[in-house]
Amino acid sequence: MPISELKLAKELIRRPSITPNDAGAINLLAKNLKSIGFKCQIINFKNIKNLYAKLGRASPNFCYAGHTDVVPPGNINDWSVNPFKPTVKNNKLIGRGANDMKASIACFVAAVSRFIAKNKKFKGSVSLLITGDEEGIAINGTKRVVEYLIRKREKINFCIVGEPTNPNKLGEMIKIGRRGSITGRLTIIGTQGHVAYPHRANNPSNTMVKILKKIKEIKLDKGTKKFQPSNLEITKINIDNHADNVIPRLANAVFNIRFNNKHSSTSLKRKLNGIFKSIAKKGKCKFSVIYEVSGEAF
Ligand SMILES: [Zn+2]
């Protein structure tokens, strides 16, 4: 019995699997795959659930890869529907994860169910590698499952990743690589004091503002034939100050860079650290920075 992609997509959206929570999404998927003959392995790394499901044993192994976790919905009142109550409006499915990427996963499963209904026997095997850890720091997801599969001598010959990459219509774009992603958490350390006596304090926000202006304005590159220019975005600025007349001691900011293959996370860290060092020195502030690298460009 073929599986309906719309029905499965809706069932997945109903599970509020806000990263790193699973909310039953992986088990729901495994249940559907088992019903059409897949052998399912749930592979847990720390608090993360991953699924490797396989139909058939022969080579080549064709694999669909994806993730069931979603980003937080933000302010629920800004939605036209409840993000976890999937709704079809004007022929469009609305809900958190409808685009990225529960609908893709539902389409994988529906496509295989139709294929096997018509082809009882086929040469090769079909697998799904689905993680619950893509939208977060992504260290206990696909990467670790792939390492596990290599250890088990499990070979994947072809792979389709169902990430939404087509800006307007299906099939207009195929991605052959991926940009790297690095997040930086920057703290500027000054000296606390009263606003009436600024000479006795050192406001870290002055240095922070200069640094953020500088890192936003640097042109990392002009892009390559295959990649758009690398880009930095500041995603958080925070001074946790409860008084209006106190110069704070700390200023915090978070930024993320999506970078092409003209850079590596190491070369970017070096470049940024140089900027932080020279501007902090001029402002007589100290700084600390913590980086998280989700992946290099390839
Ligand atoms: Zn995605």
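The legends below describe an overview and several close-up views of a predicted model.

**Figure 1. Overview of the protein chain, with 6 helices and 13 strands.** The C-alpha trace spans about 80 × 40 × 35 Å along its principal axes. Of the 298 residues in the chain, 40% are buried. Taking contacts between residues at least 6 apart in sequence, 72% join residues at least 24 apart.

**Figure 2. Helix α6 and its buried side.** Helix α6 runs from residue 265 to residue 282. For its 18 residues, a rise of 1.5 Å a residue predicts a span of 26 Å, and the end C-alpha atoms are 26 Å apart, so the two values agree. Buried in α6 are Ser265, Leu268, Leu272, Ile275, Phe276, Ile279 and Ala280. These residues cover an arc of only 120° around the axis and therefore lie on the same side of the helix. The other side of α6 carries the exposed residues Arg270, Lys277, Lys281 and Lys282. The packing partners of the buried residues are the helix α5 (204–217) and the strands β8 (180–189), β10 (231–238), β12 (250–259) and β13 (286–295). After α6 comes Lys284, with a positive phi near 55°.

**Figure 3. The crossing of α5 and α6.** The two helix axes come within 10 Å of each other and cross at roughly 145°. The crossing is right-handed. From α5, the contact involves Thr207, Lys210, Ile211, Lys214 and Ile215. From α6, it involves Leu272, Ile275, Phe276, Ile279 and Ala280. By residue class, the contact of α5 with α6 contains 7 nonpolar, 1 polar and 2 charged residues. Each of the α6 residues named here also belongs to the buried set of that helix.

**Figure 4. The crossing of α1 and α3.** Helix α1 (residues 5–13) packs against helix α3 (residues 102–118) at an angle of about 145°, and the axes are 8 Å apart. This crossing, too, is right-handed. On α1 the contact residues are Glu5, Leu8, Ala9, Leu12 and Ile13. On α3 they are Lys102, Ala103, Ile105, Ala106, Cys107, Val109, Ala110 and Arg114. The contact of α1 with α3 is made up of 10 nonpolar and 3 charged residues, with no polar ones.

**Figure 5. Surroundings of Lys216 in helix α5.** Lys216 counts as partly exposed because its relative accessibility is 39%. Apart from neighbours within four places in sequence, Lys216 is in contact with Asn231, Leu232, Glu233 and Ile234. These four residues fall within the range of β10 (231–238), a strand against which buried residues of α6 also pack. Asn166 is 50 residues away from Lys216 along the chain, and the C-alpha atoms of the two are separated by 27 Å.

**Figure 6. Ser80 in the loop between β3 (61–67) and β4 (87–89).** Ser80 has a relative accessible area of 56% and is therefore exposed. Outside its neighbours within four places in sequence, Ser80 is in contact with Lys89 and Ile94. Ile94 is 14 residues from Ser80 in sequence, with a C-alpha to C-alpha separation of 8.9 Å.

**Figure 7. Backbone of the loop between α1 and α2 (25–35).** Most residues other than glycine have a negative phi, and most peptide bonds are trans. In this loop, the peptide bond joining Thr19 and Pro20 is cis, with omega about 5°. Ala23 lies in the same loop as Pro20, between α1 and α2. Although Ala23 is not a glycine, its phi is positive, at about 55°. The relative accessible area of Ala23 is 36%, so this residue is partly exposed.

**Figure 8. Backbone around Asn91 and Met101.** Asn91 is placed in the loop between β4 and β5. Its phi is positive, near 65°, in a residue other than glycine. With a relative accessible area of 78%, Asn91 is exposed. Met101 is found in the loop between β5 (92–94) and α3. The peptide bond from Asp100 to Met101 is cis, and its omega is near -10°.

Terms used
Residues numbered from 1 in each chain as written. Predicted model: local features only at pLDDT ≥ 70, side-chain atom pairs only at ≥ 80, totals over all residues. Heavy atoms only, no water. Expected span 1.5 Å × (residues − 1). Buried < 20%, exposed > 50% of the residue type's maximum accessible area, 1.4 Å probe, protein only. Arc of directions from axis to C-beta. Contact = heavy atoms within 4.5 Å. Axes fitted to C-alpha atoms, helices over the stretch in contact; angles between N-to-C directions. Left-handed = near helix turned anticlockwise from the far one by under 90°. Nonpolar A, V, L, I, M, F, W, Y, C, P; charged D, E, K, R; others polar.
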